[in-house]
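Visitor: I am new to this structure and would like a close look at one part of it. Could you take me slowly through the side-chain pairs, beginning with the aromatic rings and going on to the charged groups?

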Amino acid sequence: MGYERYARVEIDLDCVAHNVRVLKGLVPRRTAFMAVVKADAYGHGAVPVARTALGAGADRLGVATIEEAAELRDAGITGTIQLLSEPPVSAVPAILDLDLVSTVTTREFAVELGKRAAALDREARYHLKIDTGMNRIGVRAEDAAEFARGLKDFPGLRLEGVFTHFATAETPGDWDFESQLQRFEAARAQIRTEGIDPGMVGAANSAATILHPESHYDMVRCGIAIYGLHPWRSTYDKVDLRPAMSVKAQVSFVKRIGMGEGVSYGLTWRASAPSTIATLPLGYADGVHRLASNRMSVLCGGVRCDQVGRVCMDQIMFEVPRGVQVRPGDEVVLIGSMGDARITMDELAEAAETINYETACAFGMRLPRRYV
Ligand SMILES: *Cc1c(COP(=O)(O)O)cnc(C)c1O
(Lines give C-alpha, C1' and ligand atoms only; values in the text may rest on other atoms or scores of the structure.)
Protein backbone atom coordinates (compact mmCIF):
# COMPACT_ATOMS: atom_id res chain seq x y z
CA MET A 1 0.00 0.00 0.00
CA GLY A 2 1.25 3.42 -0.95
CA TYR A 3 0.14 5.41 2.06
CA GLU A 4 0.24 5.01 5.80
CA ARG A 5 -2.98 4.64 7.77
CA TYR A 6 -2.73 6.08 11.23
CA ALA A 7 -3.62 2.85 12.92
CA ARG A 8 -1.66 -0.40 12.80
CA VAL A 9 -0.94 -3.79 14.25
CA GLU A 10 2.64 -4.46 15.34
CA ILE A 11 3.91 -8.02 15.47
CA ASP A 12 7.08 -8.93 17.33
CA LEU A 13 8.27 -12.13 15.68
CA ASP A 14 10.95 -12.61 18.37
CA CYS A 15 8.06 -13.19 20.77
CA VAL A 16 6.66 -15.91 18.48
CA ALA A 17 10.10 -17.58 18.36
CA HIS A 18 10.39 -17.33 22.15
CA ASN A 19 6.94 -18.84 22.67
CA VAL A 20 7.62 -21.75 20.31
CA ARG A 21 10.86 -22.53 22.15
CA VAL A 22 9.23 -22.30 25.58
CA LEU A 23 6.33 -24.54 24.54
CA LYS A 24 8.68 -27.07 22.93
CA GLY A 25 10.51 -27.12 26.23
CA LEU A 26 7.36 -28.42 27.91
CA VAL A 27 7.10 -31.53 25.74
CA PRO A 28 9.42 -34.53 25.36
CA ARG A 29 12.11 -34.17 22.71
CA ARG A 30 10.56 -36.91 20.56
CA THR A 31 7.17 -35.16 20.51
CA ALA A 32 6.60 -33.25 17.28
CA PHE A 33 5.43 -29.64 17.46
CA MET A 34 2.77 -28.30 15.13
CA ALA A 35 2.47 -24.52 14.90
CA VAL A 36 -1.17 -23.74 14.10
CA VAL A 37 -1.22 -20.79 11.69
CA LYS A 38 -4.84 -20.95 10.52
CA ALA A 39 -6.88 -17.76 10.10
CA ASP A 40 -3.83 -15.82 8.94
CA ALA A 41 -1.98 -16.95 12.05
CA TYR A 42 -4.77 -15.73 14.35
CA GLY A 43 -4.48 -12.31 12.74
CA HIS A 44 -0.67 -12.16 13.03
CA GLY A 45 0.14 -12.88 9.35
CA ALA A 46 0.53 -16.50 8.26
CA VAL A 47 3.72 -16.34 6.18
CA PRO A 48 6.02 -14.45 8.59
CA VAL A 49 4.69 -16.41 11.57
CA ALA A 50 5.10 -19.75 9.75
CA ARG A 51 8.70 -18.94 8.82
CA THR A 52 9.48 -17.81 12.37
CA ALA A 53 7.86 -20.86 13.96
CA LEU A 54 9.71 -23.28 11.68
CA GLY A 55 12.93 -21.39 12.37
CA ALA A 56 12.34 -21.75 16.12
CA GLY A 57 11.91 -25.50 15.86
CA ALA A 58 8.29 -26.20 14.88
CA ASP A 59 8.09 -29.46 12.92
CA ARG A 60 4.99 -28.70 10.88
CA LEU A 61 2.27 -26.13 10.25
CA GLY A 62 -1.47 -26.54 10.79
CA VAL A 63 -4.06 -24.73 8.65
CA ALA A 64 -7.84 -24.80 8.29
CA THR A 65 -8.29 -24.32 4.54
CA ILE A 66 -6.67 -25.12 1.20
CA GLU A 67 -6.33 -21.38 0.54
CA GLU A 68 -4.29 -20.97 3.71
CA ALA A 69 -2.01 -23.81 2.67
CA ALA A 70 -1.66 -22.40 -0.85
CA GLU A 71 -0.60 -19.02 0.57
CA LEU A 72 2.23 -20.69 2.49
CA ARG A 73 3.35 -22.74 -0.53
CA ASP A 74 3.18 -19.63 -2.78
CA ALA A 75 5.52 -17.91 -0.34
CA GLY A 76 8.01 -20.72 -0.84
CA ILE A 77 7.43 -22.58 2.43
CA THR A 78 8.31 -26.21 1.79
CA GLY A 79 7.78 -27.69 5.28
CA THR A 80 5.03 -30.13 6.17
CA ILE A 81 1.57 -28.53 6.16
CA GLN A 82 -1.40 -30.32 7.66
CA LEU A 83 -5.06 -29.52 7.12
CA LEU A 84 -6.86 -29.69 10.47
CA SER A 85 -10.15 -30.75 8.95
CA GLU A 86 -11.33 -32.58 5.88
CA PRO A 87 -12.03 -30.25 2.94
CA PRO A 88 -14.66 -30.96 0.25
CA VAL A 89 -13.80 -33.92 -2.05
CA SER A 90 -13.32 -31.40 -4.87
CA ALA A 91 -10.16 -30.22 -3.06
CA VAL A 92 -8.36 -33.55 -3.48
CA PRO A 93 -6.34 -32.48 -6.58
CA ALA A 94 -5.22 -29.33 -4.74
CA ILE A 95 -4.11 -31.40 -1.74
CA LEU A 96 -1.88 -33.49 -3.97
CA ASP A 97 -0.69 -30.45 -5.91
CA LEU A 98 0.30 -28.59 -2.75
CA ASP A 99 1.64 -31.75 -1.11
CA LEU A 100 -0.49 -31.40 2.04
CA VAL A 101 -1.11 -33.87 4.82
CA SER A 102 -4.88 -34.14 5.04
CA THR A 103 -7.17 -34.86 7.92
CA VAL A 104 -9.71 -37.56 7.14
CA THR A 105 -13.16 -37.88 8.70
CA THR A 106 -15.15 -39.67 5.96
CA ARG A 107 -14.53 -42.75 3.85
CA GLU A 108 -15.70 -41.02 0.64
CA PHE A 109 -12.99 -38.41 0.95
CA ALA A 110 -10.29 -40.94 1.83
CA VAL A 111 -11.21 -43.14 -1.14
CA GLU A 112 -11.02 -40.22 -3.56
CA LEU A 113 -7.71 -39.09 -2.08
CA GLY A 114 -6.27 -42.61 -2.39
CA LYS A 115 -7.50 -43.11 -5.96
CA ARG A 116 -6.10 -39.80 -7.17
CA ALA A 117 -2.79 -40.34 -5.41
CA ALA A 118 -2.46 -43.90 -6.75
CA ALA A 119 -3.18 -42.66 -10.29
CA LEU A 120 -0.17 -40.37 -9.89
CA ASP A 121 1.85 -43.23 -8.44
CA ARG A 122 1.96 -41.42 -5.12
CA GLU A 123 0.96 -42.06 -1.55
CA ALA A 124 -1.14 -39.45 0.27
CA ARG A 125 -0.39 -39.13 3.98
CA TYR A 126 -3.41 -38.60 6.15
CA HIS A 127 -4.35 -38.25 9.81
CA LEU A 128 -7.52 -39.85 11.07
CA LYS A 129 -9.51 -37.47 13.25
CA ILE A 130 -11.18 -39.27 16.13
CA ASP A 131 -14.10 -37.60 17.89
CA THR A 132 -13.86 -38.37 21.59
CA GLY A 133 -16.55 -35.98 22.82
CA MET A 134 -16.09 -32.53 21.29
CA ASN A 135 -18.76 -33.53 18.75
CA ARG A 136 -17.45 -31.23 16.05
CA ILE A 137 -15.83 -33.44 13.41
CA GLY A 138 -14.25 -36.87 13.39
CA VAL A 139 -14.98 -40.56 13.28
CA ARG A 140 -16.62 -41.55 16.56
CA ALA A 141 -14.14 -43.18 18.93
CA GLU A 142 -15.95 -46.53 18.99
CA ASP A 143 -15.91 -46.69 15.16
CA ALA A 144 -12.30 -45.58 14.65
CA ALA A 145 -10.67 -49.02 14.51
CA GLU A 146 -13.16 -50.36 12.00
CA PHE A 147 -12.79 -47.20 9.91
CA ALA A 148 -9.00 -47.58 9.86
CA ARG A 149 -9.30 -51.28 8.97
CA GLY A 150 -11.53 -50.38 6.01
CA LEU A 151 -8.74 -48.20 4.58
CA LYS A 152 -5.79 -50.33 5.64
CA ASP A 153 -4.75 -51.70 2.28
CA PHE A 154 -6.33 -49.03 0.15
CA PRO A 155 -3.83 -48.03 -2.53
CA GLY A 156 -2.43 -44.50 -2.53
CA LEU A 157 -3.15 -43.87 1.16
CA ARG A 158 -0.86 -43.90 4.17
CA LEU A 159 -2.13 -43.42 7.71
CA GLU A 160 0.48 -41.07 9.18
CA GLY A 161 -1.31 -40.46 12.45
CA VAL A 162 -4.46 -40.26 14.52
CA PHE A 163 -5.63 -37.33 16.60
CA THR A 164 -8.41 -35.96 18.69
CA HIS A 165 -9.32 -32.51 20.00
CA PHE A 166 -10.35 -31.54 23.53
CA ALA A 167 -13.40 -29.45 24.43
CA THR A 168 -12.33 -28.53 27.97
CA ALA A 169 -8.53 -28.80 28.17
CA GLU A 170 -8.19 -25.35 29.80
CA THR A 171 -10.32 -26.35 32.81
CA PRO A 172 -8.08 -28.05 35.39
CA GLY A 173 -9.43 -31.24 36.96
CA ASP A 174 -12.25 -31.48 34.46
CA TRP A 175 -14.04 -34.82 34.29
CA ASP A 176 -14.97 -34.45 30.60
CA PHE A 177 -11.31 -34.00 29.72
CA GLU A 178 -10.47 -37.27 31.49
CA SER A 179 -13.30 -38.99 29.72
CA GLN A 180 -12.11 -37.78 26.29
CA LEU A 181 -8.62 -39.00 27.07
CA GLN A 182 -9.95 -42.43 28.08
CA ARG A 183 -12.00 -42.77 24.91
CA PHE A 184 -8.96 -41.78 22.88
CA GLU A 185 -6.81 -44.39 24.65
CA ALA A 186 -9.44 -47.05 23.98
CA ALA A 187 -9.66 -46.14 20.28
CA ARG A 188 -5.87 -46.24 19.94
CA ALA A 189 -5.72 -49.65 21.59
CA GLN A 190 -8.42 -51.01 19.26
CA ILE A 191 -6.58 -49.69 16.21
CA ARG A 192 -3.46 -51.56 17.40
CA THR A 193 -5.55 -54.69 17.97
CA GLU A 194 -6.54 -54.52 14.30
CA GLY A 195 -2.85 -54.81 13.54
CA ILE A 196 -2.69 -51.21 12.37
CA ASP A 197 0.06 -48.82 13.47
CA PRO A 198 -1.73 -45.58 14.44
CA GLY A 199 1.46 -43.66 13.60
CA MET A 200 1.84 -40.21 15.17
CA VAL A 201 -0.67 -39.90 17.96
CA GLY A 202 -1.80 -36.39 18.89
CA ALA A 203 -4.35 -34.74 21.14
CA ALA A 204 -3.04 -31.58 22.79
CA ASN A 205 -3.94 -28.02 21.84
CA SER A 206 -2.17 -25.14 23.65
CA ALA A 207 -4.08 -25.65 26.90
CA ALA A 208 -3.39 -29.39 27.04
CA THR A 209 0.25 -28.83 26.04
CA ILE A 210 0.64 -26.54 29.06
CA LEU A 211 -1.62 -28.27 31.59
CA HIS A 212 -1.76 -31.96 30.66
CA PRO A 213 1.58 -33.68 29.98
CA GLU A 214 -0.25 -37.04 29.84
CA SER A 215 -1.82 -35.86 26.56
CA HIS A 216 1.41 -34.97 24.73
CA TYR A 217 1.92 -38.29 22.88
CA ASP A 218 3.81 -37.94 19.56
CA MET A 219 2.63 -34.49 18.49
CA VAL A 220 1.18 -31.35 20.09
CA ARG A 221 -0.72 -28.66 18.17
CA CYS A 222 -0.24 -25.16 19.52
CA GLY A 223 -2.06 -22.12 18.21
CA ILE A 224 -2.97 -19.39 20.68
CA ALA A 225 0.10 -19.89 22.90
CA ILE A 226 2.64 -19.36 20.10
CA TYR A 227 1.19 -15.86 19.78
CA GLY A 228 1.90 -15.29 23.47
CA LEU A 229 -1.75 -15.41 24.48
CA HIS A 230 -3.03 -17.76 27.16
CA PRO A 231 -5.80 -20.22 26.31
CA TRP A 232 -7.39 -19.26 29.63
CA ARG A 233 -6.38 -17.85 33.01
CA SER A 234 -5.63 -21.38 34.22
CA THR A 235 -2.31 -21.19 32.35
CA TYR A 236 -1.24 -17.65 33.40
CA ASP A 237 1.31 -18.79 35.96
CA LYS A 238 2.31 -22.02 34.21
CA VAL A 239 4.36 -20.71 31.31
CA ASP A 240 6.23 -17.54 30.35
CA LEU A 241 4.53 -16.42 27.13
CA ARG A 242 5.23 -13.12 25.39
CA PRO A 243 2.35 -11.49 23.49
CA ALA A 244 3.44 -10.81 19.92
CA MET A 245 0.66 -8.42 18.90
CA SER A 246 0.26 -4.76 19.81
CA VAL A 247 -2.36 -2.44 18.36
CA LYS A 248 -1.57 1.26 18.04
CA ALA A 249 -3.11 4.35 16.50
CA GLN A 250 -2.51 8.06 16.24
CA VAL A 251 -5.04 10.61 17.39
CA SER A 252 -6.87 11.97 14.34
CA PHE A 253 -8.95 14.72 15.96
CA VAL A 254 -9.31 16.48 19.33
CA LYS A 255 -12.11 18.73 20.57
CA ARG A 256 -13.70 20.17 23.72
CA ILE A 257 -17.35 19.40 24.42
CA GLY A 258 -19.70 20.90 26.96
CA MET A 259 -21.37 19.25 29.94
CA GLY A 260 -24.30 17.11 28.81
CA GLU A 261 -23.11 16.68 25.24
CA GLY A 262 -23.13 13.13 23.89
CA VAL A 263 -20.59 11.22 21.79
CA SER A 264 -21.05 8.86 18.82
CA TYR A 265 -24.10 7.01 17.44
CA GLY A 266 -27.03 6.97 19.84
CA LEU A 267 -25.18 9.41 22.12
CA THR A 268 -24.82 6.53 24.62
CA TRP A 269 -22.18 8.45 26.58
CA ARG A 270 -22.63 11.99 27.82
CA ALA A 271 -20.12 14.30 29.41
CA SER A 272 -20.87 14.94 33.08
CA ALA A 273 -18.58 17.98 32.91
CA PRO A 274 -16.83 19.90 30.13
CA SER A 275 -14.50 17.40 28.59
CA THR A 276 -11.82 16.78 25.95
CA ILE A 277 -12.62 14.06 23.41
CA ALA A 278 -10.04 12.53 21.08
CA THR A 279 -10.78 10.43 18.01
CA LEU A 280 -8.85 7.44 16.65
CA PRO A 281 -9.04 6.20 13.05
CA LEU A 282 -10.01 2.56 13.68
CA GLY A 283 -13.27 0.83 14.50
CA TYR A 284 -15.15 -2.44 14.42
CA ALA A 285 -14.17 -3.13 10.80
CA ASP A 286 -10.60 -3.13 12.12
CA GLY A 287 -11.35 -5.50 14.98
CA VAL A 288 -12.41 -3.22 17.83
CA HIS A 289 -15.54 -5.07 18.89
CA ARG A 290 -18.63 -2.88 19.11
CA LEU A 291 -19.66 -4.73 22.26
CA ALA A 292 -16.65 -3.12 23.98
CA SER A 293 -18.18 0.36 23.51
CA ASN A 294 -17.95 2.40 26.73
CA ARG A 295 -16.20 -0.54 28.45
CA MET A 296 -12.67 -0.49 27.09
CA SER A 297 -9.64 1.72 27.69
CA VAL A 298 -6.74 3.03 25.65
CA LEU A 299 -3.33 4.33 26.72
CA CYS A 300 -2.40 7.89 25.82
CA GLY A 301 0.15 10.24 27.32
CA GLY A 302 1.27 7.30 29.46
CA VAL A 303 -2.09 7.00 31.20
CA ARG A 304 -5.25 4.93 30.87
CA CYS A 305 -8.18 6.72 29.24
CA ASP A 306 -11.81 5.60 28.99
CA GLN A 307 -13.13 4.88 25.53
CA VAL A 308 -16.49 6.66 25.23
CA GLY A 309 -19.52 6.35 22.95
CA ARG A 310 -20.28 3.55 20.53
CA VAL A 311 -17.45 2.04 18.52
CA CYS A 312 -18.06 3.04 14.88
CA MET A 313 -17.01 1.11 11.79
CA ASP A 314 -13.81 3.12 11.25
CA GLN A 315 -13.41 5.34 14.32
CA ILE A 316 -13.60 5.41 18.10
CA MET A 317 -13.45 8.19 20.65
CA PHE A 318 -11.90 8.43 24.09
CA GLU A 319 -12.03 10.97 26.89
CA VAL A 320 -8.76 12.71 27.64
CA PRO A 321 -8.23 12.80 31.42
CA ARG A 322 -7.91 16.18 33.05
CA GLY A 323 -4.33 17.38 33.09
CA VAL A 324 -3.27 15.31 30.07
CA GLN A 325 -2.36 17.14 26.87
CA VAL A 326 -3.33 15.36 23.65
CA ARG A 327 -2.83 16.56 20.10
CA PRO A 328 -3.60 15.06 16.69
CA GLY A 329 -0.81 12.68 15.77
CA ASP A 330 -0.17 11.56 19.36
CA GLU A 331 0.43 7.86 19.78
CA VAL A 332 -2.25 5.72 21.44
CA VAL A 333 -2.00 2.08 22.49
CA LEU A 334 -5.08 -0.15 22.33
CA ILE A 335 -3.22 -3.40 23.02
CA GLY A 336 0.27 -3.31 24.50
CA SER A 337 2.30 -1.13 26.84
CA MET A 338 3.07 2.54 27.28
CA GLY A 339 5.44 3.25 30.13
CA ASP A 340 4.23 1.21 33.09
CA ALA A 341 0.66 1.00 31.80
CA ARG A 342 -0.49 -2.04 29.88
CA ILE A 343 -3.64 -3.27 28.17
CA THR A 344 -3.75 -6.97 27.37
CA MET A 345 -5.70 -8.77 24.66
CA ASP A 346 -7.48 -10.59 27.48
CA GLU A 347 -8.68 -7.30 28.97
CA LEU A 348 -10.17 -6.16 25.68
CA ALA A 349 -11.67 -9.61 25.09
CA GLU A 350 -13.39 -9.44 28.44
CA ALA A 351 -14.79 -5.98 27.68
CA ALA A 352 -16.18 -7.42 24.43
CA GLU A 353 -17.52 -10.55 26.16
CA THR A 354 -15.37 -12.80 24.01
CA ILE A 355 -11.99 -14.55 24.08
CA ASN A 356 -8.51 -13.39 23.07
CA TYR A 357 -8.61 -15.80 20.10
CA GLU A 358 -11.42 -13.79 18.54
CA THR A 359 -10.04 -10.34 19.29
CA ALA A 360 -6.64 -11.29 17.82
CA CYS A 361 -8.25 -12.68 14.65
CA ALA A 362 -10.39 -9.55 14.36
CA PHE A 363 -7.37 -7.23 14.38
CA GLY A 364 -6.16 -9.13 11.32
CA MET A 365 -9.11 -7.99 9.21
CA ARG A 366 -8.04 -4.62 7.84
CA LEU A 367 -5.28 -2.91 9.80
CA PRO A 368 -1.86 -2.69 8.18
CA ARG A 369 0.67 -4.89 9.92
CA ARG A 370 4.20 -3.95 10.80
CA TYR A 371 6.79 -6.49 11.89
CA VAL A 372 9.13 -5.18 14.56
C1 LIG B 1 -7.22 -24.48 16.17
C2 LIG B 1 -6.83 -25.87 16.53
C3 LIG B 1 -5.76 -26.09 17.41
C4 LIG B 1 -5.03 -24.99 18.14
O5 LIG B 1 -5.75 -24.66 19.30
P6 LIG B 1 -5.16 -23.58 20.36
O7 LIG B 1 -6.15 -23.60 21.47
O8 LIG B 1 -5.15 -22.29 19.63
O9 LIG B 1 -3.82 -24.05 20.72
C10 LIG B 1 -5.37 -27.40 17.62
N11 LIG B 1 -6.02 -28.42 17.01
C12 LIG B 1 -7.07 -28.24 16.19
C13 LIG B 1 -7.74 -29.41 15.57
C14 LIG B 1 -7.51 -26.95 15.93
O15 LIG B 1 -8.57 -26.78 15.13
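Guide: What follows is a walk through the aromatic pairs and then the salt bridges of this model, which is predicted.

A pair of aromatic rings is described by the distance of the centres and the angle of the planes. Searching the whole structure gives 4 aromatic pairs, and one of them is formed by Tyr42 and Tyr357, whose rings are tilted, with 6.1 Å from centre to centre and 35 degrees between the planes. Because Tyr42 belongs to helix 2 (residues 38-43) and Tyr357 to helix 11 (residues 356-363), this pair ties together parts that are 315 residues apart in sequence. Tyr42 has a relative accessibility of 7%, and since buried means under 20%, this residue counts as buried. Tyr357, with a relative accessible area of 27%, is partly exposed. Tyr42 and Tyr357 also belong, together with Tyr227, to one aromatic cluster.

Another aromatic pair is that of Phe184 and Tyr217, which is edge-to-face, with 5.6 Å from centre to centre and 80 degrees between the planes. Phe184 sits in helix 8 (residues 175-193), while Tyr217 is in the loop between helix 9 (206-211) and strand 10 (219-222), so this pair ties together parts that are 33 residues apart in sequence. Phe184 is buried, its relative accessible area being 0%, and Tyr217 is buried too, at 10%.

We can now turn to the charged groups. Side chains of opposite charge can pair when their charged atoms come close. In the whole structure, the search finds 20 salt bridges. Among them is the one between Arg60 and Glu160, where the closest N and O atoms are 3.0 Å apart. Since Arg60 lies in strand 3 (residues 60-63) and Glu160 in strand 8 (residues 157-163), the pair ties together parts that are 100 residues apart in sequence. Arg60 and Glu160 are both buried.

Arg149 and Glu194 form a further salt bridge, with 2.8 Å between the closest N and O atoms. This pair links distant parts of the chain, with Arg149 in helix 7 (residues 144-151) and Glu194 in the loop between helix 8 and strand 9 (200-202), 45 residues apart. Arg149 is partly exposed, with a relative accessible area of 45%, and Glu194, at 28% relative accessibility, counts as partly exposed as well.

Finally, salt bridges that share partners join Arg8, Glu10, Lys248, Glu331 and Arg370 into one network. Within this group, Glu10 and Arg8 form a salt bridge whose closest N and O atoms are 2.9 Å apart, and both Glu10 and Arg8 are buried.

How values were computed
Residues are numbered from 1 along each chain as its sequence is written. This is a predicted model: local features need pLDDT of at least 70, side-chain atom pairs count only at pLDDT 80 or more; totals for chains, interfaces and linings use all residues. Side-chain values use heavy atoms; hydrogens and water are left out. Rings of Phe, Tyr and Trp (its six-membered ring) pair if their centres lie within 6.5 Å; planes under 30 degrees apart count as stacked, over 60 as edge-to-face and the rest as tilted. Helices (H or I, at least four residues) and strands (E, at least two) are DSSP runs, numbered from the N terminus. Buried means under 20% relative accessible area, exposed over 50%, partly exposed in between (1.4 Å probe, protein chains only). A salt bridge is a side-chain nitrogen of Lys or Arg within 4 Å of a carboxyl oxygen of Asp or Glu.
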